[in-house]
Amino acid sequence: MSTFKHHDSAHGLSTEIVHSKPVSASGFSALPVPVYRGSSTFFESTKAQRAAVDPLGLDYSYGLHGNPTQFTLAKRLAEIEGTVHALVCPSGLTGIVLVAQACLKTGDHWLIPENVYGPVQALARNLLADCGIEFSEYDPCNADTVQSAIRSNTKLIWTEAPGSLTFEVPDLKSILATAKAQGIRTGIDNTWSAGIAYKPFEHGFDFSVQALTKYQCGHADVLMGAVLSNNTAAFADVERKNRILGLGVSPTDCSLVLRGLLTLPLRYAKQAESGLQVAKALSRNTAIAKVLHPEFEECPGHAFYKRDFNGFASIFSVVLKPEFTDAQACKIVDNLKLFKIAYSWGGPESLALVVNVPESRKRHLAGSDGVCGQILRLAIGLEEPADLIADLMQAIEAAV
Ligand SMILES: *Cc1c(COP(=O)(O)O)cnc(C)c1O
């Protein structure tokens with residue numbers, strides 16, 4: 001309840017309402033970052049409006065360029081990942097598109113891994129190919145294929161660790177050394193590590209992209225991405241593309257991600273531990289041929305994971321024995337009662353999918369008979385692992 005000073009205005013009611021001043025925020029202090037909204041942001045004077053803005057600073061010249069809520073989120077993400085430059089963008093995919101657009105022009109070439117997040121392959125094959133930008137794929141399990149795929153016009157080497165769907169961990173040190181020796185920019189899709197389990201800037205990456213949609217949001221109700229960098233010139237190129245394309249994010253969504261960050265390390269660790277328990281239980285089930293989880297020795301790149309990472313996510317895949325048909329794999333997923341059938345991950349609910357893996361990866365994952373079974377991807381949420389394990393066991397049993 002409050003009492004306000006009587007205000008006698010010389011203006012009409014509509015003018016009075018529009019120009020009414022907010023109460024002072026002085027004396028109010030609380031944990032949440034306020035949601036600052038505003039398309040027009042006011043300048044103090046014409047001089048201030050005409051002054052050149054620093055696009056890498058706190059640019060309060062127009063709502064699209066940012067507000068304190070958005071910049072606070074970017075700053076916290078930079079702190080988590082141990083770097084200085086960060087911007088937030090409408091989705092994780094947008095973040096990757098921005099890095100590609102910033103580094104590549106007509107006639108250039110880039111390298112992507114065979115196990116890259118699917119829409120990135122579509123980006124390379126469609127939008128960028130239409131602009132005359134070439135790409136080739138390398139085997140994430142053989143860093144020598146990076147060296148041999150480099151051309152005189154290669155301008156970006158893209159990595160993902162571990163790979164989407166099949167979770168191979170590449171030899172990032174070797175890939176970085178190859179790129180550095182030839183002055184080629186490097187980027188990593190670091191979504192799996194949530195900026196916690198792998199520190200790209202300690203290893204020399206130019207860019208890291210995060211799908212904040214996953215663990216940072218953590219509650220399956222926001223789509224957002226981030227581009228982080230410690231290379232000022234490279235980041236300025238991304239920032240410029242972001243402006244040219246007119247991309248912006250909702251301050252309310254930023255505040256939801258800021259709330260998610262408060263519990264990020266706790267959720268990440270808890271979900272990882274639950275995921276590992278579920279993966280171990282599955283590894284003992286006779287229906288499972290292989291567990292594709294970097295903590296497992298049988299996961300390709302396990303040694304590189306041990307060398308470079310200090311944590312793991314709660315998403316992994318299992319390869320079924322080859323005798324399981326596609327219909328049986330689908331039946332397992334359809335039989336699940338606690339897992340939802342859905343894309344994305346990092347939220348409170350566990351998710352399952354039968355995934356379609358490129359043939360190039362299936363060849364690598366095949367058993368001694370040369371056949372690769374159906375692959376199920378599981379993202380573990382906040383439920384009790386014992387309940388999830390029981391659910392998976394009944395679902396497999398009922399599908400055999
Ligand atoms: C989900 C995901 C993305 C894309 O994030 P969106 O916010 O959904 O666009 C990119 N990379 C990886 C590894 C992802 O899992």
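**Figure 1. The largest pocket of the predicted model.** The largest pocket has a volume of about 740 Å³, in a structure that is a predicted model. Its lining comprises 38 residues, and those closest to the centre of the pocket are Tyr117, Gly118, Pro119, Ser164 and Arg377. Two helices and two strands each supply at least two residues of this lining: helix 4 (92-103), helix 5 (118-130), strand 6 (207-211) and strand 11 (351-355). By class, the lining of the largest pocket has 20 nonpolar, 12 polar and six charged residues.

**Figure 2. The ligand and its shell of residues.** The ligand takes up the space of the largest pocket. Around the ligand stand Ser91, Gly92, Leu93, Tyr117, Glu160, Ser164, Asp189, Ala211, Thr213, Lys214, Met224 and Trp345. Five residues of this shell are nonpolar, four are polar and three are charged. Tyr117 and Ser164 belong to the shell around the ligand, and both are also among the lining residues closest to the centre of the largest pocket.

**Figure 3. Polar atoms of the protein beside the ligand.** Two backbone positions and one side chain are shown in this view. At glycine 92, a polar backbone atom is 2.8 Å from an oxygen atom of the ligand. At leucine 93, a backbone N or O atom lies 2.9 Å from an oxygen atom of the ligand. The side chain of aspartate 189 has an N or O atom that is 2.5 Å from a nitrogen atom of the ligand. On its own, the ligand has 380 Å² of accessible area, of which the protein covers 89%.

**Figure 4. The cavity of the structure.** One cavity of 30 Å³ or more is present in the structure. The volume of the largest cavity is about 30 Å³. Its lining is formed by Leu282, Ile288, Val318, Ile332, Leu376, Leu378, Leu392 and Ile396. Strand 12 (375-379) and helix 15 (385-399) are the elements that give two or more residues to this lining.

**Figure 5. Residue classes in the linings of the cavity and the pocket.** The lining of the largest cavity consists of eight nonpolar residues, with no polar and no charged residues. The lining of the largest pocket, by contrast, includes 12 polar and six charged residues beside its 20 nonpolar ones. Leucine, isoleucine and valine residues line the largest cavity, among them Leu282, Ile288 and Val318.

Technical notes:
Residues are numbered from 1 along each chain as its sequence is written. This is a predicted model: local features need pLDDT of at least 70, side-chain atom pairs count only at pLDDT 80 or more; totals for chains, interfaces and linings use all residues. Side-chain values use heavy atoms; hydrogens and water are left out. A residue is near a molecule or strand if one of its heavy atoms lies within 4 Å of it. A polar contact is a pair of N or O atoms within 3.5 Å; within protein, one must be able to donate a hydrogen and the other to accept it, and residues adjacent in sequence count only if both atoms are side-chain atoms. Accessible areas come from the Shrake-Rupley method with a 1.4 Å probe; for residues, only the protein chains shown count as cover. On a 1 Å grid over the protein atoms alone, a cavity is a set of points where a 1.4 Å probe fits but cannot get out, and a pocket is an open set with protein on both sides within 12 Å along at least five of seven lines; lining residues have an atom within 4 Å of a point. A molecule sits in a cavity or pocket if more than half of its atoms lie within 2 Å of its grid points. Ala, Val, Leu, Ile, Met, Phe, Trp, Tyr, Cys and Pro count as nonpolar, Asp, Glu, Lys and Arg as charged, and the others, Gly among them, as polar. Grid points are joined across faces, edges and corners, and a volume is the space filled by probe spheres set on the points. Helices (H or I, at least four residues) and strands (E, at least two) are DSSP runs, numbered from the N terminus.
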